Amino acid sequence: MNPTFIIFLVLGAVILFAAFFMVKQQTAAIVERFGRFQSIRHSGLQMKIPLVDRIAGKLSLKIQQLDVIIETKTLDDVFVKLKVSVQYKVITEKVYDAFYKLDYPHDQITSFVFDVVRAEVPKMKLDDVFVKKDDIAIAVKRELQEYMTEYGYDIIKTLVTDIDPDAQVKAAMNRINAADREKTAAQFEGDAQRILIVERAKAEAESKRLQGQGIADQRREIARGLEESVEVLNKVGINSQEASALIVVTQHYDTLQSIGQETNSNLILLPNSPQAGSQMLNDMVASFTASNQIGEAMKNAKSKKE
């Protein structure tokens, strides 16, 4: 076989093979002819003119993420580092703009993120930065969307994924938080102690009330018993004074008997003569009489003044 023919055959095979190329899914290939834009090819087997057309580049149509770390200062003069994650993708209808209008889209997006964050964060205090991080993310997305759409990029989402103040500031914040929690715990403990004291006082007051009621009931029953005893004695011909003397003497000796039965009782000296009960009764009667006289005198004196 002629060697020249073999060479031409090989060259023809290479040229034919170079005429075909493959584009992956979610990818766009830009084809140029003699350095000028020719067409945009999407996924699948594609064909170009060998030695005339060339693949200038390929762009991914998938959603991509760019993480930007910015250090800035808050309104209360605290330096803080923020990590902003920007999710974006190339608009399918604007592949030409995305490829030819921007050489370094990452740098462009980073510049916009820096500009927006350093304009928004200095307006907030450190605590507000944590609370309003979504507002910062929305401001970044709005600014990026406005400018990047012109270059063929769609901003899907922006997230403030990390807020990192200075280590000393974080330690101070932790101390403030711990002190506040200790204060709250002390307040709860004080409230619990106060409630316990109040409830204990209520219980004691209720106990005293019931105790007084019991004593009153006891005295009422004693008085009723004495009244019944006097009535019984009156029926057998004993007058009220004699009956009262008999009851007092009986109670006197009952008391002595009760004290004598208690082996662990302390020494108590009481009169035990037969006249002791009568003397006690006479003293009681004299006291009642004197009290009545004093009361009558006070009433008469008051009437004369009026």
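These legends accompany close-up views of a predicted model. Residues are numbered from 1 along each chain as its sequence is written, and side-chain values use heavy atoms, with hydrogens and water left out. Because the model is predicted, local features need pLDDT of at least 70 and side-chain atom pairs count only at pLDDT 80 or more, whereas totals for chains, interfaces and linings use all residues.

**View 1. The whole chain holds eight helices and eight strands.** Helices (H or I, at least four residues) and strands (E, at least two) are DSSP runs, numbered from the N terminus. Of the 306 residues in the chain, 22% are buried, where buried means under 20% relative accessible area, exposed means over 50%, and partly exposed lies in between (1.4 Å probe, protein chains only).

**View 2. Helix α3 (residues 105–120) turns its buried residues to one face.** The buried residues of α3 are Pro-105, Ile-109, Phe-112, Val-113, Val-116 and Val-117. Seen down the helix axis, they fall within an arc of 125 degrees, so they line one face of α3; the arc is that of the directions from the helix axis to the C-beta atoms. These residues pack against β6 (64–73), β7 (79–90), α5 (133–148) and β8 (153–165), with contact meaning heavy atoms within 4.5 Å.

**View 3. Helix α5 has a buried side and a face turned away from it.** Ile-136, Ala-137, Ala-139, Val-140, Leu-144 and Met-148 are the buried residues of α5, and they line one face of the helix, because they fall within an arc of 160 degrees when seen down its axis. Their cover includes β7, α3, α4 (126–131) and β8, while the face turned away from the buried side carries the exposed residues Ile-138, Arg-142 and Glu-146.

**View 4. Two loop residues other than glycine, Phe-34 and Leu-51, have a positive phi.** Most residues other than glycine have a negative phi. Phe-34, with a phi of about 55 degrees, is placed in the loop between β2 (27–33) and β3 (36–41), and counts as exposed at 66% relative accessibility. Leu-51, with a phi near 65 degrees, is placed in the loop between β4 and β5 (53–60), and is likewise exposed, with a relative accessible area of 76%.

**View 5. A salt bridge joins the side chains of Arg-54 and Glu-32.** A salt bridge is a side-chain nitrogen of Lys or Arg within 4 Å of a carboxyl oxygen of Asp or Glu, and the structure holds eight of them. In this pair the N to O distance is 3.1 Å, and the bridge links distant parts of the chain, with Arg-54 in strand β5 and Glu-32 in strand β2, 22 residues apart. Arg-54 counts as partly exposed at 46% relative accessibility, whereas Glu-32 counts as buried at 7%.

**View 6. Within helix α6 (residues 167–235), Arg-194 and Asp-191 lie three residues apart.** This spacing is about one turn of the helix, and the side chains of Arg-194 and Asp-191 meet in a salt bridge of 2.5 Å, N to O. Both ends of the pair are partly exposed, Arg-194 with a relative accessible area of 49% and Asp-191 with one of 30%.
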